[in-house]
Structure formats: structure tokens, C-alpha cells
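Let us look for the open spaces in a protein model and ask, step by step, what surrounds them.

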Amino acid sequence: MEDEVDRLVAAWRRERPDLDVEPLEVLSRVSRLARHLDRARRLAFAEHQLEPWEFDVLTALRRAGDPYQLSPGQLLTQTLVTSGTMTNRIDRLTKKGLVERLPDPSDRRGVLVRLTDEGQDRADQALAGLLDQERAILAELSRTQRGDLAGLLRQLTAPFDNIPG
């Protein structure tokens, strides 16, 4: 079975035989897959009236476990955005009734962000929709192949995920 990357690599090998284009065989496919995944994610989130960034914040809170709350700093760490961006996101989610701000009992100046019942429902429904989309993307692979692929991708991504700072 041939795909667009095979055609791209063949063209580069013809045009630039002096270059080793082998990395394209893997990373161009990863890049193309990322675009397909992004479309599938946006579709799954839109069905639940969520933007991708809203899903990220809501699910960070949902994964925290009962009572589904984190400090803004903890949310920053999990979503990799600036504090100004996070403040804006919390404001917008609060206006939508998906999160609420509460005083932090351990820090009089601090706040905690808590998922509302509506926020939890939307996060849960959007996650279920996302998993359906992702299962469809992976449908051509056996359970063993999915496990092998996950291990190989982990090997590639772990160094980036474990950079200090």
C-alpha cells in the first residue's frame, strides 16, 4: 500500500539523490497523522461546544480527582501556557459556568479552580467522543501493533518530555 509520503520521498530521492531522505519516511507520516488527529479532536470537541484549549483545562481538572480542583499554577504546568493565558482561560471558562474560582484554604491570597458539574459533564462527554475518533484512526492496527507503536513513539518523545525547566 502506497501513501502520499511514499510519493514525496520518491520525488526527493529522484531530485536530490545526494541526500538521505529516510527521516521523512517516519516524521512526515507523524506530521500528517498529527494534522488528521487535530481535525478529529476539533470535531469531537465541537460536538460538545468546546475548543481544544477548553478541553485541555477541563480535563486537567477532571484528572485531578475529587474535588476536581487545582491551583492556577498547577494548571499552567499541565497545559504549558503562560500565566496571562491561563488567567484569560479561567475567566472565560468561569463565564461559561464550566469552572469556578474558590479561595485556597492553605494560602489566603491564592485561589483554586474547581470544575463545576456542567464542566465535568462536558469534559466526560468530549473525552468519550475523542476516544471514539481516536479508535477510528487506529482501527487498522492490531492491539499488538498499537502497543508497539506506542512504545516506539514513547522512545522518541520521552527526551522532549523530560527536559528540565
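How do the residues of the lining of the largest pocket divide into nonpolar, polar and charged? In this predicted model, the lining of that pocket is made up of 16 nonpolar, two polar and nine charged residues. The pocket itself has a volume of about 1100 Å³, and of the 27 residues that line it, those closest to its centre are Arg29, Val30, Leu33, Leu138 and Leu149.

To see where this lining comes from, it helps to follow the helices along the chain. Helix 1 (4–15), helix 2 (22–46), helix 6 (117–137) and helix 7 (143–161) each supply at least two residues of the lining of the largest pocket, and among these contributors helix 2 gives the most, with 10 residues.

We can now turn to the second largest pocket, which holds about 190 Å³ of space. Its lining includes Arg41, Phe55, Asp56, Thr59, Arg62 and Arg63, and also includes Ala123, Asp124, Leu127, Leu130, Leu131 and Glu134. Helix 3 (52–63) and helix 6 each supply at least two residues of this lining, with the largest share, six residues, coming from helix 6. When the residues lining the second largest pocket are sorted by class, five are nonpolar, one is polar and six are charged.

Helix 6 therefore deserves a second look in the picture above, as a helix that supplies at least two residues of the lining of the largest pocket and also gives the largest share of the lining of the second largest pocket.

How values were computed: Residues are numbered from 1 along each chain as its sequence is written. This is a predicted model: local features need pLDDT of at least 70, side-chain atom pairs count only at pLDDT 80 or more; totals for chains, interfaces and linings use all residues. Side-chain values use heavy atoms; hydrogens and water are left out. On a 1 Å grid over the protein atoms alone, a cavity is a set of points where a 1.4 Å probe fits but cannot get out, and a pocket is an open set with protein on both sides within 12 Å along at least five of seven lines; lining residues have an atom within 4 Å of a point. Grid points are joined across faces, edges and corners, and a volume is the space filled by probe spheres set on the points. Helices (H or I, at least four residues) and strands (E, at least two) are DSSP runs, numbered from the N terminus. Ala, Val, Leu, Ile, Met, Phe, Trp, Tyr, Cys and Pro count as nonpolar, Asp, Glu, Lys and Arg as charged, and the others, Gly among them, as polar.
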